[in-house]
Amino acid sequence: MHKEEHEVSVLGAPHSTILPRSTMINIQSETSMPDHIVWSLFNTIFLNWCCLGFIAFAYSVKSRDRKMVGDVTGAQAYASTTKCLNILALIVGILMTIGFILLLVFGSVAIYHIMLQIIQEKQRY
């Protein structure tokens, strides 16, 4: 290989034939818009009284889809609905869980007292 051919292969084509090119990169500023999908998933798995967690999860998926398409207004609307549903699911879930625990405790105490009365009445006869 000749010295000139080696220089051309290493350096590329002569500088006069290379046209200056410009590259433009458009970076869209991604607004941090939460879709509350993790919160919805938590409510779906653990606090799904009245299926509010599942409905919130469906709306959060819709919000994420709208965000991926670029529909910011639709994504914000779905995210707002998701947030309200998650708050409602959390409050209802906590109240229903506390109510269930209280019902279990007071119910078992009431059953204990009823059984104790039945045993005492049988001992009298």
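The questions below concern two helices and a surface patch in a predicted model. Local features need pLDDT of at least 70 and side-chain atom pairs count only at pLDDT 80 or more, while totals for chains, interfaces and linings use all residues. Residues are numbered from 1 along each chain as its sequence is written, and side-chain values use heavy atoms, with hydrogens and water left out.

Q: Within what arc do the buried residues of H2 fall, seen down its axis?
A: Helix H2 (residues 37-46), a DSSP run (H or I, at least four residues) numbered from the N terminus, has Ile37, Ser40, Asn43 and Thr44 as its buried residues, buried meaning under 20% relative accessible area, exposed over 50% and partly exposed in between (1.4 Å probe, protein chains only). Taking directions from the helix axis to the C-beta atoms, these buried residues line one face of H2, because they fall within an arc of 125 degrees.

Q: Which residues are exposed on the other side of H2?
A: The buried residues of H2 are covered by elements including helix H3 (52-69) and helix H4 (72-124), where contact means heavy atoms within 4.5 Å. On the other side of H2, the exposed residues are Val38, Ile45 and Phe46.

Q: How far apart are the end C-alpha atoms of H4?
A: The expected span is 1.5 Å times one less than the number of residues. For the 53 residues of H4 this gives 78 Å, which agrees with the distance between its end C-alpha atoms, 77 Å.

Q: What is the relative accessible area of Ile98?
A: Ile98 lies in helix H4. Ile98 is partly exposed, and its relative accessible area is 46%.

Note on methods:
Helix = DSSP H or I, 4+ residues; strand = E, 2+ residues; numbered from the N terminus.
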